[in-house]
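Reader: I am new to this structure and would be grateful for a close look at a single part, chosen for its side-chain surroundings. Please then carry the description onward to other parts in one connected account.

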Amino acid sequence: MNITIAVCDDSAADRDWLSGQVHRWAAERGHTVRLAEYPSAESFLFAYAEDKTVQVLLLDIEMGQMDGVTMARTLRRDNDGVQIVFITGYSDYIADGYEVEALHYLMKPVDAAKLFAVLDRAAEKLRRNEKFLTLELSGETVRLPVYQIRCAEVQGNYVTVHARADYTVKMTLSELETRLDDNFFRLGRSALVNLGCVARVTRTAVTLTDGSTLPLPRGAYERINRAIINRG
């Protein structure tokens, strides 16, 4: 797997150590890594404006003018796919990590085995997110990353796919289901939901992370909860 990784840390010694461990991890796992190092949040954002291919970001929190959490918020306004791993000497920032959907926190001094485990998780998430759905719309073709799809709903002979925008296409829900991945759960005849976007499940409804809700068919409560647990 080809992975683009960035290390952003104002300590040269920490950057060097992390970069060395990333290369060791990639060699052991058989990945090809393109690695870039940045000594500040500002230098990362300057480079990111020109090249937005970063997939995994190892990000120090305590840095100069702009701290890592502030930088992560800025990055998230433009990119919800990059896997952010916070590197910190303090545990006070964990709540901020939820806000920017950080993959994990690693405490300094970083343990190599824990770093490798987090990089394994990041690579697996990237592998899942590589799948695209191609939609033929009126006058255009849209190539939509599957992970961005929150849910899909049937409307007559059409299906509306809800992602960053809504796309309505003429197809059956069963046809759409075959073109997605195992992160999606079938809500009866009317909808598919991305398990990664589920915030809450009751006996009668599924609430998504954007606040929208979908009715839960009778008898589906145990099945969807089991699917979420098995997904990990």
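Author: A residue is called buried when its relative accessible area is under 20%, exposed when it is over 50%, and partly exposed in between. The model discussed here is a predicted one.

The part chosen for the close look is Arg 34, a residue of strand S2, which comprises residues 32-38. The relative accessibility of Arg 34 is 44%, and therefore this residue counts as partly exposed. When residues up to four places away in sequence are set aside, Arg 34 touches Ile 3, Thr 4 and Ile 5, and also Asp 51 and Thr 53. With Thr 53, moreover, the side chain of Arg 34 makes a polar contact of 2.6 Å. A further relation concerns the backbone: 8.4 Å separates the C-alpha atom of Arg 34 from that of Ala 6, although their positions lie 28 residues apart along the chain.

Thr 160 offers a second polar residue to set beside this one. Thr 160 is located in strand S9, and its relative accessibility is 5%, so it counts as buried. Two side-chain partners may be named for Thr 160: Gln 155, through a polar contact of 3.1 Å, and Thr 168, through a polar contact of 2.9 Å. Neighbours within four places in sequence left aside, the contacts of Thr 160 are Cys 151, Ala 152, Glu 153 and Gln 155, together with Asp 166, Tyr 167 and Thr 168.

The strand that holds Thr 160 leads to the sheet around it. Strand S9 (residues 158-162) runs antiparallel to strand S8 (residues 151-155), and five bridges join the two. Within this pairing, Val 154 has Val 159 of S9 as its bridge partner. In general, the strands of a sheet pair through backbone hydrogen bonds, in either a parallel or an antiparallel manner. S8 and S9 belong to an open sheet of five strands, whose order is S10-S9-S8-S12-S11 and whose pairing is antiparallel. At its edges stand strand S10 (166-170) and strand S11 (184-187), each of which pairs on one side only. From one strand to the next, the twist averages 20°.

The aromatic residues complete the account. Over the whole structure, a search finds three aromatic pairs. In one of them, the ring centres of Phe 44 and Tyr 48 are 5.9 Å apart and the ring planes meet at 15°; the pair is stacked because planes under 30 degrees apart count as such. Phe 44 and Tyr 48 stand four residues apart in helix H2 (residues 41-48), which means that about one helical turn separates them. Both Phe 44 and Tyr 48 are buried. Another pair, Phe 86 with Tyr 105, is tilted, with 5.3 Å from centre to centre and 40° between the planes. Since Phe 86 belongs to strand S4 (residues 83-88) and Tyr 105 to strand S5 (residues 104-107), this pair ties together parts that are 19 residues apart in sequence. Phe 86 and Tyr 105 are likewise buried. Tyr 38 joins Phe 44 and Tyr 48 in one aromatic cluster. Finally, a charge meets a ring: the charged end of Arg 143 sits over the ring of Phe 132, at 3.8 Å from the centre of that ring.

Methods:
Residues numbered from 1 in each chain as written. Predicted model: local features only at pLDDT ≥ 70, side-chain atom pairs only at ≥ 80, totals over all residues. Heavy atoms only, no water. Phe/Tyr/Trp six-rings, centres within 6.5 Å; stacked < 30°, edge-to-face > 60°. Buried < 20%, exposed > 50% of the residue type's maximum accessible area, 1.4 Å probe, protein only. Lys NZ or Arg CZ within 6 Å of the ring centre and 35° of its normal. Pairing = 2+ DSSP bridges. Axes fitted to C-alpha atoms, helices over the stretch in contact; angles between N-to-C directions. Contact = heavy atoms within 4.5 Å. Polar contact = N/O pair within 3.5 Å; in protein donor to acceptor, adjacent residues only side chain to side chain.
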